[in-house]
Amino acid sequence: MGTEGIIDRYVNFYTDFAFKKLFGTEMNKDLLISFLNALLQGREVVLDVNYLNTEHLGTQEYDRRAVFDVYCKNDKGEVFLVEMQKGEQQFFKDRSIYYSTFAIREQAPRGEWNYELKGVYTIGILNFCFDKEREGNYYHEVKLMDTATKEVFYDKLVFIYLEMPKFTKQENELESLFDKWLYVIRNLAALMERPRVLQEKVFAHLFEAAEIAKFSRVERYEYEESLKAYRDWFSVMATAELRGEERGKEKGLKEGLEKGRIEERLRNARGLKARGVDAEIIAQVTGLSVDDILGL
């Protein structure tokens with residue numbers, strides 16, 4: 001169980017091990033509570049959370065399984081699904097909707113019921129960007145809306161997505177507790193000490209819980225395995241992106257060469273046509289159709 005690969009002082013928040021240790025364990029639930037309250041910015045106040053089973057099956061035997069990163073209820077009975085998504089998936093929005101259905105269906109009690117539901121919050125911390133057009137907009141809050149009135153139709157189902165690569169604030173630019181949480185999530189592994197701006201008690205706990213040197217031997221092994229999986233994933237994604245760029249360049253080069261050949265044929269055809277050469281002969285020489293030549 002070697003740990004020779006770990007040289008950072010603090011864990012990488014994007015690894016499965018670190019995310020679940022810091023946000024998904026009873027001993028560190030004050031960290032999750034602080035993050036949720038910072039995220040909700042006073043609209044809801046979370047006083048306590050109870051962790052729920054993160055593995056769920058559908059209502060039928062053939063239904064697909066859902067495994068959540070963090071799944072909990074607050075003191076009001078509202079449900080929070082908090083997911084760390086390292087890479088873009090083709091249907092990641094669909095996945096969020098699908099996962100939220102478990103939190104909705106599980107509220108149905110046995111016997112009679114009037115269908116009243118508690119709020120469900122699905123929170124995605126994304127290590128990728130899905131909204132390429134709005135560069136600075138890293139926070140997205142989505143609710144059901146009446147398209148005619150542009151008013152919220154139902155406010156108990158909320159999807160919040162954080163595009164972490166777009167959060168670029170530096171230490172001296174952090175203003176709110178929410179800013180500080182996003183800064184920590186994005187930069188924790190690169191830090192060697194707790195920044196002065198993070199003076200809140202919750203961050204003292206966070207940095208203590210995230211310090212690799214304080215892990216047990218088993219925890220260090222589990223973290224290294226998780227870090228290796230993250231690095232492997234990152235390498236695969238970077239390689240795929242590079243190959244995609246290379247294919248794009250190759251395709252662009254081929255398209256450019258083909259376009260150049262066509263333009264050259266058209267120039268030759270125009271020159272021959274201007275000299276009064278018959279269209280049939282021009283077609284044989286340039287490879288263009290007679291109709292193309294007559295249309296020049």
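**Thr122, the cores and the packed helices**

Setting aside neighbours within four places in sequence, Thr122 is in contact with Leu81, Ser96, Ser100, Val158, Phe159 and Ile160. The model is a predicted one, and in it Thr122 sits in strand S6, which runs over residues 120-126. With a relative accessible area of just 4%, Thr122 falls under the 20% cut-off and so is buried. One of its partners, Phe159, turns up again below as a member of a nonpolar core.

Stepping back to the whole chain, the secondary structure adds up to eight helices and eight strands. Of the 296 residues in the chain, 38% are buried. As for contacts between residues at least 6 apart in sequence, 58% of them link residues at least 24 apart.

Now for the nonpolar cores. It is a general tendency in soluble globular proteins that nonpolar side chains are buried together. Here the largest nonpolar core takes in 54 residues, and Phe13, Phe23 and Ile125 are the ones with the most contacts inside it. Helix H2 (residues 29-40) supplies the largest share of this core, namely eight residues. Another core, of 14 residues, lies apart from it, and Phe68, Phe102, Ala103 and Phe159 are among its members. Back in the largest core, Phe13 has quite a list of neighbours: leaving out residues up to four places away in sequence, Phe13 touches Ala18, Phe19, Leu22, Phe23, Met84, Val184, Ile185, Leu188 and Leu206.

Several of those partners, including Ala18, Phe19, Leu22 and Phe23, are also buried residues of helix H1. That helix spans residues 16-23, and six of its eight residues are buried, so H1 is largely enclosed by the rest of the structure. The full set of buried residues in H1 is Phe17, Ala18, Phe19, Lys21, Leu22 and Phe23, so a lysine is counted as buried here too, since the term needs only a relative accessible area under 20%. Helix H4 tells a similar story, being mostly covered, with eight of its 11 residues buried. The buried stretch of H4 consists of Phe178, Asp179, Lys180, Trp181, Leu182, Tyr183, Val184 and Ile185, and Val184 and Ile185 are among the residues that Phe13 touches.

H4 also packs against other helices. In general, a pair of packed helices is described by the angle between the axes and the distance between them. The axes of H2 and H4 (residues 177-187) come within 8 Å and cross at roughly 125 degrees. H2 and H4 are therefore oblique to each other, and their crossing is left-handed. On the H2 side the contact is made by Leu31, Ser34, Phe35, Ala38 and Leu39, and on the H4 side by Leu177, Phe178, Trp181 and Ile185. Sorted by class, that contact has eight nonpolar residues, one polar residue and no charged ones.

With helix H5 (residues 201-209) the arrangement is as follows: H4 and H5 pack at an angle of about 10 degrees, and their axes are 12 Å apart. H4 and H5 are therefore roughly parallel to each other. Leu177, Lys180, Trp181 and Val184 of H4 meet Val202, Phe203, Leu206 and Phe207 of H5. By class, this contact has seven nonpolar residues, no polar ones and one charged residue. Leu177 and Trp181 of H4 thus appear in the contact with H2 and in the contact with H5.

Back on H2, Asn37 is a residue of that helix. Its relative accessible area is 23%, so Asn37 counts as partly exposed. Asn37 and Leu177 lie 140 residues apart in sequence, but their C-alpha atoms are 9.0 Å apart in space. Beyond its neighbours within four places in sequence, Asn37 is in contact with Gly42, Glu44, Val45 and Val46.

Two loop residues round things off. Most residues other than glycine have a negative phi. Gln41, in the loop between H2 and strand S1 (49-51), has a positive phi, near 50 degrees. With a relative accessible area of 54%, Gln41 is exposed. Lys150 also has a positive phi, in this case near 60 degrees, and lies in the loop between strand S7 (139-146) and strand S8 (151-163). Lys150 counts as exposed, at 59% relative accessibility.

Definitions and conventions: Residues are numbered from 1 along each chain as its sequence is written. This is a predicted model: local features need pLDDT of at least 70, side-chain atom pairs count only at pLDDT 80 or more; totals for chains, interfaces and linings use all residues. Side-chain values use heavy atoms; hydrogens and water are left out. A nonpolar core is a set of buried Ala, Val, Leu, Ile, Met, Phe, Trp, Tyr and Cys residues joined through side-chain atoms within 4.5 Å. Buried means under 20% relative accessible area, exposed over 50%, partly exposed in between (1.4 Å probe, protein chains only). Helices (H or I, at least four residues) and strands (E, at least two) are DSSP runs, numbered from the N terminus. Contact means heavy atoms within 4.5 Å. Axes are lines fitted to C-alpha atoms, for helices over the stretch in contact, and angles run from 0 to 180 degrees between N-to-C directions. Angles under 35 degrees count as roughly parallel, over 145 as roughly antiparallel, 65 to 115 as roughly perpendicular and the rest as oblique. A crossing is left-handed if the near helix is turned anticlockwise from the far one by less than a right angle, and right-handed if clockwise. Ala, Val, Leu, Ile, Met, Phe, Trp, Tyr, Cys and Pro count as nonpolar, Asp, Glu, Lys and Arg as charged, and the others, Gly among them, as polar.
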